[in-house]
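Work through the exercises below with the model open. Try each task before you read its solution.

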Amino acid sequence: MNAIETTGLTKRYGQIVAVDDLDLTVPTGEIYGFLGPNGAGKTTTLRMLLGLTRPSAGSLHVFGRTPGPGYLDQVGALIEGPAFYPYLSGRENLRVFAGHARVPGARVDAVLRTVDLTDRAKDSYRTYSLGMKQRLGLAAALLKDPRLLVLDEPTNGLDPAGIADMRVLLRKLAADGVTVLLSSHLLAEVSQICDRIGVLSHGKLVTQATIEELRAGGTLHVTAEPAERAEAELIALVGRESLHANGSGFDLNVEPAAASRINTALVTAGVEVSELRWREPDLEQNFLELTGDDHVR
Ligand SMILES: Nc1ncnc2c1ncn2[C@@H]1O[C@H](COP(=O)(O)OP(=O)(O)OP(=O)(O)O)[C@@H](O)[C@H]1O
Ligand SMILES: [Mg+2]
């Protein structure tokens, strides 16, 4: 069963179509990155999923359930910053949340450990750094021991170390079987965290790709002399369609592991190889080709 399925999900605010006929599928167990520029409709979609705003049209299922009693029992969310009390400590704030959610008090210390806030749990919330506030928000979302986490821009405002911590944390949760749907406007960020990326633009899902698809490609760059003989050998080795002349050398569409075989064959044929280098695929380029949208960076 998929964790999330929406069909024709639409939200209109007067003339504005914030979410436009969205069919979104989030497979159970994956970290799904919902990517899009400001105003694309990410938050509106997440709010509809969480029952915070009503769709104008379409349907949605979370673990096979439609909105109604019990619909969100297995869902934790972090969306537009939870309302923590500034003068209560992190632990006290979580106790309040646990009381509302009817969660055993023992969960509070468990989730504080998960987000690595135990050391600062007794300090008042107002003294927390932004990263600590984000982690406390995530801790609150984890109180219910959810099977699905919905996070709206969880790394917003975090420094690179904070983003790395969040990545490790989400990976750990995913390894424990938690499905994660998170939004972001940064490709580099979601591509490091997520298994699959869906791109939203003007309320529409313009593309969906797995991280393997985004990382597909990459080339082996070969420089060798004499060039004509090198070219003939390379065509024999990999086929003309996989060979592209590039400056003084050639780019080959092959697997990285082919490098040593190609080197040996060239040297055996009396060709002098001066450079043999693997070039990683250009994630951004692949992405733009998939989306045809240069708004998203
Ligand atoms: N309550 C509302 N009333 C009217 N318009 C709204 C409301 N909420 C959102 N919108 C509009 O819906 C569109 C999508 O907004 P949304 O907040 O979902 O975008 P987003 O992708 O989350 O953007 P950001 O990256 O800036 O958070 C925008 O045009 C926004 O102005
Ligand atoms: Mg938003």
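Three short exercises follow, on a ligand and a pair of helices.

This is a predicted model: local features need pLDDT of at least 70, side-chain atom pairs count only at pLDDT 80 or more, and totals for chains, interfaces and linings use all residues. Residues are numbered from 1 along each chain as its sequence is written, chains are lettered from A and ligands numbered from 1 in the order written, and side-chain values use heavy atoms, without hydrogens and water.

**Exercise 1.** Find which residues surround ligand 1.

Step 1. Take residues with a heavy atom within 4 Å of the ligand. They are Y13, I16, A18, P37, N38, G39, A40, G41, K42, T43, T44 and E153.

Step 2. Look at which element gives the most. That is α1, with three residues; helices are DSSP runs of H or I, at least four residues long, and strands are E runs of at least two, numbered from the N terminus.

**Exercise 2.** Find polar atoms that lie by an oxygen atom of ligand 1.

Step 1. Check the backbone. A backbone N or O atom of G39 lies 2.7 Å from a ligand oxygen. For A40, a polar backbone atom is 3.1 Å from one.

Step 2. Check the side chains. A polar side-chain atom of T44 lies 2.5 Å from an oxygen of ligand 1.

**Exercise 3.** Describe how α2 and α4 cross.

Step 1. Locate the helices: α2 is residues 90-101 and α4 is residues 130-142.

Step 2. Compare the axes. They come within 10 Å and cross at roughly 30°. That makes α2 roughly parallel to α4 (angles under 35 degrees).

Note on methods. Polar contact = N/O pair within 3.5 Å; in protein donor to acceptor, adjacent residues only side chain to side chain. Axes fitted to C-alpha atoms, helices over the stretch in contact; angles between N-to-C directions. Parallel < 35°, antiparallel > 145°, perpendicular 65-115°, else oblique.
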